[in-house]
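Here are some exercises to work through with the sequence and the 3D view side by side. Try each task yourself before you read its solution.

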Amino acid sequence: MEITKFSIDGAQVKQQPLTHALEQNGFVLAEQWDYERVTYDLKINSPEKNITYYLRLRGLAVEGSVEKGSALIKLMPPLLGKHYYPHGVEYGEEEFPNNVHERVDRVLSKVEADLKEFEE
């Protein structure tokens, strides 16, 4: 599910402050990058057995090098998805529990505020 109610979509932020701000909010970059894309994931556990949700922030380098950590990243709309073992995460339009929506809203509100000071 694409989340469009935040101003994160289209924001342009230098890679290092972006990574720092997202890590402070629980996101992980790990090895999810290539020369022009970055992907940050936040794992959201569920009280339901064997159910895990992921909030994903994706970005494209508009200048600089992702590999060197010096890119200017343009963010895309956040995605909320459900993990299906062993196939991965599905980001389709499905119903998510209210507690997941509430957590996503809290996290993205904080991320939106944190990124305001670093936007280019």
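**Exercise 1. Find which residues of H1 are exposed on the other side from its buried ones, and say how the buried ones are arranged.**

Step 1. Keep in mind that this is a predicted model. Start with the buried residues of helix H1, which are Gln15, Leu18, Thr19, Ala21 and Leu22. They share one side of H1, because the arc they cover around the axis is only 165°.

Step 2. Now turn to the other side of H1, where Gln16 and Gln24 are exposed.

Step 3. Ask what lies over the buried residues of H1: the cover includes E1, E2, E3, E4 and H2.

Step 4. Finish just after H1, where glycine 26 has a positive phi of about 95°.

**Exercise 2. Check the span of H2 against the expected value, then work out where its buried residues lie.**

Step 1. From its first C-alpha to its last, H2 reaches 27 Å with 19 residues. That is close to the 27 Å expected at 1.5 Å a residue.

Step 2. List the buried residues of H2: Val100, Val104, Val107, Leu108, Val111, Asp114 and Leu115. They line one face of the helix, since they fall within an arc of 120° when seen down the axis of H2.

Step 3. Here is a general idea to help: an α-helix has 3.6 residues a turn, so residues three or four places apart point the same way.

Step 4. Look across to the other side of H2 and you meet Asn98 and Arg106, which are exposed.

Step 5. Complete the picture with the partners: the buried residues of H2 pack against E1, H1, E2, E3, E4 and E5.

**Exercise 3. Which two residues touch the most other members of the largest nonpolar core, and which element gives the most to this core?**

Step 1. The largest nonpolar core has 31 residues, and Phe27 and Leu55 are the two that touch the most other members.

Step 2. Helix H1 (15–24), E2, E3, E4 and H2 each give two or more residues to this core. The most come from H2, with six residues.

Step 3. Zoom in on phenylalanine 27. Leaving out residues up to four places away in sequence, phenylalanine 27 touches Leu22, Tyr40, Asp41, Leu42, Leu55, Leu57, Val107 and Val111.

Step 4. A general tendency puts this in context: in soluble globular proteins, nonpolar side chains tend to be buried together.

**Exercise 4. Describe how E2 and E3 pair, and find the bridge partner of tyrosine 40.**

Step 1. The pairing of E2 and E3 is antiparallel and runs over nine bridges.

Step 2. Follow tyrosine 40 across to E3, and its bridge partner turns out to be leucine 57.

Step 3. Between the two strands, this hairpin has six residues. In the hairpin, asparagine 50 takes a positive phi near 60°.

**Exercise 5. How many salt bridges are there, and how exposed are the residues in three of them?**

Step 1. The count comes to four salt bridges. Side chains of opposite charge can pair when their charged atoms come close.

Step 2. Take lysine 5 and aspartate 105, whose closest N and O atoms are 3.0 Å apart. Lysine 5 lies in the segment before strand E1 (12–14) and aspartate 105 in helix H2 (residues 98–116), so this salt bridge ties together parts 100 residues apart in sequence. Lysine 5 is exposed at 59% relative accessibility, while aspartate 105 is partly exposed at 25%.

Step 3. Next come arginine 56 and aspartate 41, which form a salt bridge with closest N and O atoms 2.7 Å apart. Arginine 56 belongs to strand E3 (residues 52–63) and aspartate 41 to strand E2 (residues 37–45), so the pair joins parts 15 residues apart in sequence. To sort them, use the cut-off for buried, under 20% relative accessible area. Aspartate 41 is buried with 9%, whereas arginine 56 is partly exposed with 21%.

Step 4. Last, arginine 37 and aspartate 34 meet in a salt bridge at 2.5 Å, N to O. Arginine 37 is partly exposed at 45% relative accessibility, and aspartate 34 is partly exposed at 22%.

**Exercise 6. Where is methionine 76, and what is it in contact with?**

Step 1. Methionine 76 sits in the loop between strand E4 (72–75) and strand E5 (79–84). With a relative accessible area of 26%, methionine 76 is partly exposed.

Step 2. Setting aside its neighbours within four places in sequence, methionine 76 is in contact with Asp9, Arg58 and Leu60.

Conventions
Residues numbered from 1 in each chain as written. Predicted model: local features only at pLDDT ≥ 70, side-chain atom pairs only at ≥ 80, totals over all residues. Heavy atoms only, no water. Salt bridge = Lys/Arg side-chain N within 4 Å of Asp/Glu carboxyl O. Helix = DSSP H or I, 4+ residues; strand = E, 2+ residues; numbered from the N terminus. Buried < 20%, exposed > 50% of the residue type's maximum accessible area, 1.4 Å probe, protein only. Contact = heavy atoms within 4.5 Å. Core = buried A, V, L, I, M, F, W, Y, C linked by side-chain atoms within 4.5 Å. Pairing = 2+ DSSP bridges. Arc of directions from axis to C-beta. Expected span 1.5 Å × (residues − 1).
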